[in-house]
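Let's take a walk through a protein model together. Keep the picture open beside the text and find each spot as we come to it.

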Amino acid sequence: MLKATNLKKEVFYILVLLIICFAYAYQKPILTTGKATDYAALCLQSPPKRLGIKTVDINWNDITPEKFSIDKKSGFFNQITNQRELSVTLKTNNGEELTVRIDAYNGRCLEVTGPLN
């Protein structure tokens, strides 16, 4: 009888721990506007090779953040865990608008659209 009671307690503790972990994964904090702008500009200065774009020499004073949007990621697991991505549109002084899609939690560069592609 004592072993069954201890087993129930252990299962209860594990279940509570899993619920807390899932709740944190579902409600992770998203990057602030300033950090998202920094990550987007960094993505343009040193883009990942998988994107296939050239490095852009950016003067930080010439860029103004134009628009931000938070979108849901596609896929079954991403929808269950409420995963998001940020789209940051940066406008340069010469009128170009570059849109950079980044991961909303760690700033990883996903895609760049605009005059560069």
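We start at E96, which you'll find in the loop between β2 and β3. Keep in mind that this is a predicted model. Is E96 buried, exposed or partly exposed? With 33% relative accessibility, E96 counts as partly exposed, because that label covers what falls between under 20% (buried) and over 50% (exposed). Now look for T33: E96 and T33 are 63 residues apart along the chain, and 20 Å separates their C-alpha atoms.

Stay with that loop for a moment. The hairpin made by β2 and β3 has five residues between the strands, and in it G95 takes a positive phi near 95 degrees.

**The sheet**

Zoom out and you can pick out the sheet. It is open and built from four strands, in the order β1-β2-β3-β4, with antiparallel pairing. β1 and β4 stand at the edges with a single partner strand each, so one side of each has no neighbour in the sheet. On average, neighbouring strands here are turned by 20 degrees against each other, direction ignored.

How do the strands hook up? β1 (residues 64-72) and β2 pair in the antiparallel sense, over eight bridges. For instance, T64 has K91 in β2 as its bridge partner, and S69 stands opposite S87, again in β2. On the other flank, β2 and β3 run antiparallel and are joined by seven bridges. One place to spot this is L86, whose bridge partner in β3 is I102.

How much of β2 is covered? Seven of its eight residues are buried, so you can call this strand mostly covered.

**The helix across the sheet and the core**

Next, find helix α2. This helix lies across β1, β2, β3 and β4, and runs at about 70 degrees to β2.

Which residues make up the heart of the largest nonpolar core? That core has 19 residues, and the ones with the most contacts inside it are L44, L86, L90, V100, I102 and V112. The elements giving two or more residues to this core are α2, β2 (84-91), β3 (97-103) and β4. The biggest giver is α2, with four residues.

V100 is a good one to click on. Leaving out its neighbours within four places in sequence, V100 is in contact with A40, C43, L44, L86, S87, V88, C109, E111 and V112.

**The disulfide**

Two of those contacts of V100, C43 and C109, deserve a closer look. How many disulfides does a search of the whole structure find? It finds one. That disulfide joins C43 to C109, with an S to S distance of 1.8 Å. The link ties together distant parts of the chain: C43 sits in helix α2 (residues 33-45) and C109 in strand β4 (residues 109-113), 66 residues apart. The torsion about the S-S bond of C43 and C109 is about -40 degrees, so the disulfide is left-handed.

Both C43 and C109 are buried. C21, on the other hand, counts as partly exposed.

**An aromatic pair and a buried asparagine**

Now hop over to F12 and Y13. How many aromatic pairs does the count come to? The count is one, and F12 and Y13 form it: the pair is tilted, at 6.1 Å centre to centre, with 55 degrees between the planes. F12 is exposed, at 51% relative accessibility, and Y13 is exposed too, at 53%.

Last stop: N82, in the loop between α3 (76-80) and β2. Is N82 buried or exposed? With a relative accessible area of 14%, N82 is buried, since the cut-off for buried is under 20%. Not counting residues up to four places away in sequence, N82 touches Y26 and Y105.

Here are the accessibility values from our tour side by side.

| Residue | Relative accessible area | Label |
|---|---|---|
| F12 | 51% | exposed |
| Y13 | 53% | exposed |
| C21 | 46% | partly exposed |
| N82 | 14% | buried |
| E96 | 33% | partly exposed |

Methods: Residues are numbered from 1 along each chain as its sequence is written. This is a predicted model: local features need pLDDT of at least 70, side-chain atom pairs count only at pLDDT 80 or more; totals for chains, interfaces and linings use all residues. Side-chain values use heavy atoms; hydrogens and water are left out. A disulfide is a pair of cysteine sulfur atoms within 2.5 Å. Buried means under 20% relative accessible area, exposed over 50%, partly exposed in between (1.4 Å probe, protein chains only). A nonpolar core is a set of buried Ala, Val, Leu, Ile, Met, Phe, Trp, Tyr and Cys residues joined through side-chain atoms within 4.5 Å. Contact means heavy atoms within 4.5 Å. Two strands pair if DSSP finds at least two bridges between them. Axes are lines fitted to C-alpha atoms, for helices over the stretch in contact, and angles run from 0 to 180 degrees between N-to-C directions. Rings of Phe, Tyr and Trp (its six-membered ring) pair if their centres lie within 6.5 Å; planes under 30 degrees apart count as stacked, over 60 as edge-to-face and the rest as tilted.
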